[in-house]
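This briefing covers the fold, the nonpolar core and the salt bridges of one protein chain. Please keep the sequence and the model at hand while reading.

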Amino acid sequence: MNRNDVNPVGELTLRTLAMPADANAAGDIFGGWVMAQMDLACGIRAAERAKGRVVTAAVKEMSFAKPMKVGDTLCIYIDITRVGRTSMTLRVEAWAQRYLSDLMERVTHADFVMVALDSLGKPTPIPDEK
């Protein structure tokens, strides 16, 4: 699959507005806020696929190519790239739709590993997709 920074890859899972409370004094959005939104989106998508509770087990390398600014809309796209017995890997792309513009720029991307858990908090098999 061709991955680039021209068009988002995956399913749009979350959209949210970057607000002043999420920014530093220069108006740049904190990277930790962006990462938290990515984790939130992974939780949504992975729970849908696992049909139950999931937790984040790992986040693979992440670097920020572009800044997010106050007023930008953060768009999180997710592509499930691997499903194992109890875990799955999700390719996550964070894109900024620039304030009052149609311009979309990729801010960062990473692979998140999510694990399905049962009601006791133990890893549980992920059901086959139907």
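Helices and strands here are DSSP runs, with at least four residues for a helix and at least two for a strand, numbered from the N terminus. On that basis the protein has one helix and five strands. The model is a predicted one.

**Overall fold**

- Read from the N terminus, the elements follow the order β-α-β-β-β-β.
- The radius of gyration is 15 Å, which agrees with the value near 14 Å for a compact globule, because the chain has 130 residues.
- Along the principal axes, the C-alpha atoms occupy a box of roughly 45 × 30 × 25 Å.
- Of the 130 residues, 41% are buried.
- Among contacts with a separation of 6 or more, 69% are between residues 24 or more positions apart.
- The exposed surface of the protein is about 7,200 Å², and carbon and sulfur atoms supply 52% of that surface.

**Nonpolar core**

- The largest nonpolar core holds 27 residues, and those touching the most other members are Val34, Met38, Met68, Ile76, Leu90 and Val92.
- Two or more residues of this core come from each of helix H1 (31–50), strand S3 (73–83), strand S4 (87–97) and strand S5 (104–116).
- H1 provides the largest share of the core, with seven residues.
- Which residues does Ile76 contact, leaving aside its neighbours within four places in sequence? They are Glu11, Leu12, Thr13, Leu14, Gln37, Met38, Ala41, Val92, Glu93 and Ala94.

**Salt bridges**

- How many salt bridges does the structure hold? The count is nine.
- One of them joins the side chains of Arg49 and Glu129, at 3.9 Å from N to O. This pair links distant parts of the chain, with Arg49 in helix H1 and Glu129 in the segment after S5, 80 residues apart.
- Arg49 counts as buried because its relative accessible area is 10%, under the 20% cut-off. Glu129, at 61%, is exposed.
- Arg98 and Asp72 form another salt bridge between their side chains, at 2.5 Å from N to O. Arg98 lies in the loop between S4 and S5, Asp72 lies in the loop between strand S2 (54–59) and S3, and the two are 26 residues apart.
- Both partners are buried: Arg98 has a relative accessibility of 14%, and Asp72 has 3%.
- The side chains of Glu93 and Arg106 also meet in a salt bridge, at 3.7 Å from N to O. Here the link runs from strand S4, which holds Glu93, to strand S5, which holds Arg106, across 13 residues of sequence.
- Is Glu93 buried or exposed? Glu93 is buried, because its relative accessibility is 0%. Arg106 is buried as well, at 15%.
- Lys66, Asp72, Arg98 and Glu105 belong to one network, joined by salt bridges that share partners.

**Segment after S5**

- Asp128 is located in the segment after S5.
- Asp128 is exposed, because its relative accessible area is 67%, over the 50% cut-off.
- Between Asp128 and Glu11 there are 20 Å in space, C-alpha to C-alpha, and the two are 117 residues apart in sequence.
- Glu129, the salt-bridge partner of Arg49, is also placed in the segment after S5.

Definitions and conventions:
Residues are numbered from 1 along each chain as its sequence is written. This is a predicted model: local features need pLDDT of at least 70, side-chain atom pairs count only at pLDDT 80 or more; totals for chains, interfaces and linings use all residues. Side-chain values use heavy atoms; hydrogens and water are left out. A nonpolar core is a set of buried Ala, Val, Leu, Ile, Met, Phe, Trp, Tyr and Cys residues joined through side-chain atoms within 4.5 Å. Buried means under 20% relative accessible area, exposed over 50%, partly exposed in between (1.4 Å probe, protein chains only). Contact means heavy atoms within 4.5 Å. A salt bridge is a side-chain nitrogen of Lys or Arg within 4 Å of a carboxyl oxygen of Asp or Glu. The radius of gyration is taken over C-alpha atoms; the globule rule is 2.2 Å times the number of residues to the power 0.38. Accessible areas come from the Shrake-Rupley method with a 1.4 Å probe; for residues, only the protein chains shown count as cover.
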